Structure formats: structure tokens, C-alpha cells
Amino acid sequence: MYTRIIKIAALLPVIALTALLVSYKDTPDGIYADPQQALRAFTQLNKVRKDPNSFTERYNVSLKDVASQPDLVWSDTLAEVAQAWALDMAQHDYFGNVNKDGYGVNYFMHKAGYRLDTIWRKHKKTSTFVAIDGGSPSGETAIKALVVDKDNSSLDERKLLLGIGDFNASLHDCGIGFVHGTKDTKYRNYTVVIIAKHHP
């Protein structure tokens, strides 16, 4: 009985992601979400968080001083927001943490029912809990790109994903969206990772 419960629990992210996909798979513009890649990204992220130093050589970046962190917990709500953001970037030809209407990810997290402290909702452009990647062909390679974080001197995305610093280490919920673009979109693939915690 215990084994069956474990197996069912392991399938829950897949079930949730598959449900999210229904509305998007056959979009007329050829852009669609890929729940399998999102799940692969989530699995890979928890592997890296568990033993960062073991990825030093394969990622060609020093993670030897990064402490191990607990597994993140999948959040259907955050996954919905992440997938919607990835789709919006692909469909409206932009790449960033603020959409074309001037809203950041925090606004949509709270609107979706994921409660945030008012400090994180003070400005509509705020995107505190998100890391985005454009161009990686799979969930695993997207996580690698975000951890390496070569284009960001402050390493904000690496710190978010690996729980570096007291605040990032306190975050435990995660949702990921992975979207395939087309030859006409800015990138062929978009990955959005949101890691956060509920306001009490």
C-alpha cells in the first residue's frame, strides 16, 4: 500500500501538467506547452539542489561552496502562472520579467490565488520569484543554463534556483512552464521557473 501511494504521488506533477496542456497543445500559431519537459526540469532542479557540488564538473562552474537544499514542492498554481508567462512571451514576441502591459510575474501569482506579502505586490512590475530561459531545447538544459547564469553578474537566477542566501533558502514551492515556439518566435523554446512561498 505504501509503495502504491508513493507511485501515485510521483505522478501528480505529470497529471497536473497534462491538465494544463489541454488548452494549448493545438494553438493555431503552432506554439504549445510541453508538460513532460517542465517535469524533467523540475526533477533536474531538485537533483542539483540536493548535491550542487556534484554538478561542478558537468556544468563547468564551481558549485562546491553551495549548500544542499531540500526538494522543492510542486505547486499547480505556480505552474499555471509559469506556463502562462512562457506562452505569453512566445505569442507576443518579448523575453523578460515584465510583460507588454507593464505587469510583472508577482502580480499574476497573487491574482492566481498564491498569496504574497504586500511588499512583493507594491509595484506592478515586480518579479521577485522567477527565472526565465530562452532557447534551451529541454527542461534539463534549461536548468543548466539558469544555474550557470553566465549572462548575469549578480547570479540572481542561480541563487534563486539553488536557495543561496537566507531568503532564497526559505522558498519551497515551485512551478515550471516549458513552451515550444516556432521559427518565427524570438526563441524556439521558453522555460519559466517560479520558486516562492505563501504569505501566512
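About 190 Å³ of space lies in the second largest pocket of this structure, and that is where I'd like to start today, everyone. Before we go in, please keep in mind that this is a predicted model.

So, what lines the second largest pocket? The lining is made of Asn97, Ser127, Thr128, Val130, Asp156, Glu157, Lys159, Leu160, Phe167 and Asn168. If you sort them by class, you get three nonpolar, four polar and three charged residues. Two helices, H7 (156–162) and H8 (166–169), each bring at least two residues to this lining. Which element gives the most? That is H7, with four residues.

Now let's move to the largest pocket. Its volume is about 290 Å³. There are 13 lining residues here, and the closest to the centre are Asp133, Ala145, Lys150, Asp151 and Glu157. You may recognise Glu157, since it was also in the lining of the second largest pocket. For the largest pocket, strand E3 (130–134) and helix H6 (139–148) each supply at least two lining residues. By class, the lining splits into six nonpolar, two polar and five charged residues.

Next, the interior. How many residues are in the largest nonpolar core? It has 50, and the ones with the most contacts inside it are Met109, Leu161, Val192, Val193, Ile194 and Ile195. Several elements give two or more residues to this core: helices H2 (35–50), H4 (76–92), H5 (105–111), H6 and H7, together with strands E3, E4 (173–180) and E5 (189–196). H4 gives the most, with nine residues.

Let's pick one residue from that list and look around it. Leaving aside neighbours within four places in sequence, what does leucine 161 touch? Its contacts are Leu45, Arg49, Ala131, Ile143, Leu146, Val147, Val193 and Ile195. Two of those names, Val193 and Ile195, were also among the core residues with the most contacts.

Now for the strands, and please find E4 on your screens. Is E4 mostly covered or mostly open? It is mostly covered, as eight of its eight residues are buried. Here is a small piece of background: in a regular strand, side chains alternate between the two faces of the sheet. With that in mind, look at the two sides of E4. Asp173, Gly175, Gly177 and Val179 are on one side, Cys174, Ile176, Phe178 and His180 are on the other, and all of them are buried.

Which strands pair with E4? Let's take them one by one. Strand E1 (residues 32–33) runs antiparallel to E4, and two bridges join them. In that pairing, tyrosine 32 stands opposite histidine 180. Strand E2 (residues 73–74) pairs with E4 in the parallel sense, again over two bridges. There, tryptophan 74 has cysteine 174 as its bridge partner. Finally, E4 and E5 run antiparallel and are joined by eight bridges. Histidine 180 turns up here too, standing opposite asparagine 189 in E5.

E5 has another partner: it pairs with E3 in the antiparallel sense, over five bridges. One of the facing pairs is valine 130 with isoleucine 194 in E5. And why do we call E3 largely enclosed by the rest of the structure? Because four of its five residues are buried.

Let me finish with some loops. Most residues other than glycine have a negative phi. Asparagine 60 goes the other way, with a positive phi near 55 degrees. You will find asparagine 60 in the loop between helix H3 (56–59) and E2. Why does asparagine 60 count as exposed? Because its relative accessibility is 71%, and the cut-off for exposed is over 50%. Aspartate 93 is not a glycine either, and its phi is also positive, at about 55 degrees. Aspartate 93 is found in the loop between H4 and H5.

My last stop is histidine 123, which lies in the loop between H5 and E3. Histidine 123 counts as exposed because its relative accessibility is 53%. Which residue can we pair with it for a distance check? Try glycine 104: the two are 19 residues apart along the chain, and their C-alpha atoms are separated by 8.6 Å.

That's my tour. Thank you for listening!

Terms used:
Residues numbered from 1 in each chain as written. Predicted model: local features only at pLDDT ≥ 70, side-chain atom pairs only at ≥ 80, totals over all residues. Heavy atoms only, no water. 1 Å grid on protein atoms, 1.4 Å probe; cavity = no way out; pocket = protein on both sides within 12 Å on 5 of 7 lines; lining within 4 Å. Points joined across faces, edges and corners; volume = space filled by probe spheres on them. Nonpolar A, V, L, I, M, F, W, Y, C, P; charged D, E, K, R; others polar. Core = buried A, V, L, I, M, F, W, Y, C linked by side-chain atoms within 4.5 Å. Buried < 20%, exposed > 50% of the residue type's maximum accessible area, 1.4 Å probe, protein only. Contact = heavy atoms within 4.5 Å. Pairing = 2+ DSSP bridges.
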